[in-house]
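Let's walk through this structure together, starting at the ligand and working outward to the backbone.

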Amino acid sequence: MKQRQVLLGVTGGIAAYKIPLLVREFVKRGTVVRAIMTESAKEFVTPLTLSTLTGAEVVVGTFPSAGSGHAHGTWHIDLARWGDMLIIAPATANVVARLAHGIADDAVSTLALAYRKEILVCPAMDHDMWEHRATQANLSALRECGYEVLPPEVGELASGLTGPGRLPEITRIADAAERILAGSRLDMKGMKLLVTAGPTIEAIDPVRYIGNRSSGKMGFAVASAAARRGAHVTLVAGPVNLRTPRGVARVDVESAAEMDRAVKRLHRRTDGIVMAAAVADFTPVTVSRRKIKKSTVKGGTMELRLRETPDILKSLSTLKPRKPLVGFALETHDETRNAGKKLREKGVDLLVLNNPLRKGSEFGGDTNSVTIFTRGGKPRKLGILPKFGVANALLDRLVRFMAKGGSGGRTSPGTGRKKPAAGRRPGKKSSARRSRR
Ligand code: CTP
């Protein structure tokens, strides 16, 4: 880990006594370390120990004392720009809960909320606390938000009991950090990506609707993976029960028409679009302003007149300037033929085929088994992968496609405008604004 820089956030658990050894291990591997600690961590390890070993001042508490190098109110923003990753070790059950809910009331949780690069959380606690449903739910929420979690080891705990909860061996933490840093790519840095996710729902009356089955997990995984690769991501989401991934700006919509408007509004300011949403194809011709009473429906059969919704993806392929487009195809039969047809007819550059009737691709699951279609290329079937893995495989291809000058002119990351082909005169300057984070 030569010349790597790691921020180490220490919180108040008994395993904090091992952290000086972790600092030593990093230093031995050539890594520059800076430490931040909570007030309660001071009960287990002193700031002096950590500052001596890191050779740098240690930030303690949300309001560092006057005279320290971090005595100004925005230290967490400055520090959030530093280093390649943040490691929180040990992470107590309390800090895990606060991170999961975006609470920033100590130095470590405040920095974590502002940090945009990789964060590795190393929980350590008593096994009853580890196994508690609340802790496990909080850990799932952290993973959903894009945190890496290194599970604790099973062994003897400070309480004298035995079970899961021990902080992993120091070398295991350092190895995990190395793996994350080796795998962390910033190949989408500055790129503006628009991702849609989830279903759309179409109102019948104020209480009823029709819509598609979709958890939104695939689109959220794409948004999360792209943000971790450095992209500025805007996620247009239908009604789903998911947390916004770290570093992603979210726009909530309900109907296909609303999603269409949101996407068209954002189109100019993006470098590429991934349409992972399960957009409803039909919407009621009329929407009753009052609840339709069962008693008004004759003979137990109700007729609903539907009209087609706008095909957002298809219309995007005709918009100028043309942006690299990724579509999804949900097929239950004749998959390859239907997907090939969609690739051509919707004018997309990459198409991800999945079948919810197949093992590993079920609705609401955490895995997907997809085939990626490209124009002129051979379809590539991926095995069953976590949705995050599928997202990265898809982004790999999108990045390659864009690097080759996708959509007839190379899209310049961060500006949303095409680079003119060699020999052509540059056009007018783009007025594209930076997307929100
Ligand atoms: N899509 C869209 N607007 C629609 C319907 C679909 O933008 N009104 C997009 C989806 O986000 C997806 C792709 O088109 O990226 C294919 O969606 P899919 O549901 O598989 O196909 P449909 O176009 O709905 O066609 P069919 O229902 O006949 O399979």
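**Around the ligand**

β17 contributes four residues to the shell around the ligand, the most of any element. Helices and strands here are DSSP runs (H or I of at least four residues for helices, E of at least two for strands), numbered from the N terminus. Before going further, please keep in mind that this is a predicted model, in which local features need pLDDT of at least 70, side-chain atom pairs count only at pLDDT 80 or more, and totals for chains, interfaces and linings use all residues. Residues are numbered from 1 along each chain as its sequence is written, and side-chain values use heavy atoms, with hydrogens and water left out.

α11 joins β17 in supplying at least two residues each to this shell. There are 15 residues around the ligand, and M275, A277, F328, K342 and K346 come nearest; a residue counts as near if one of its heavy atoms lies within 4 Å of the molecule. By class, the shell holds nine nonpolar, two polar and four charged residues, where Ala, Val, Leu, Ile, Met, Phe, Trp, Tyr, Cys and Pro are nonpolar, Asp, Glu, Lys and Arg are charged, and the others, Gly among them, are polar.

Now look at the polar contacts, pairs of N or O atoms within 3.5 Å. A polar backbone atom of P310 is 2.9 Å from a nitrogen atom of the ligand. Oxygen atoms of the ligand take part as well: one lies 2.8 Å from a backbone N or O atom of L313, and L330 offers a backbone N or O atom at 2.9 Å from a ligand oxygen. On its own the ligand has 570 Å² of accessible area (Shrake-Rupley method, 1.4 Å probe), and the protein covers 78% of that area.

Which space does the ligand take? It is the largest pocket; a molecule sits in a pocket if more than half of its atoms lie within 2 Å of the pocket's grid points. A pocket is an open set of points on a 1 Å grid over the protein atoms alone, where a 1.4 Å probe fits, with protein on both sides within 12 Å along at least five of seven lines, and its lining residues have an atom within 4 Å of a point. This pocket holds about 920 Å³ of space, the volume being that filled by probe spheres set on the points, which are joined across faces, edges and corners. Its lining has 38 residues, with A277, A278, V279, F328 and L330 nearest the centre. Two or more lining residues come from each of α9 (217–228), α11 (312–316) and β17 (325–330).

Finally, turn to the backbone. Most peptide bonds are trans, and most residues other than glycine have a negative phi. A cis bond joins K320 and P321, with omega about -5°, and P321 sits in the loop between α11 and β17. D334, not a glycine, has a positive phi of about 40°.

Terms used
A polar contact is a pair of N or O atoms within 3.5 Å; within protein, one must be able to donate a hydrogen and the other to accept it, and residues adjacent in sequence count only if both atoms are side-chain atoms.
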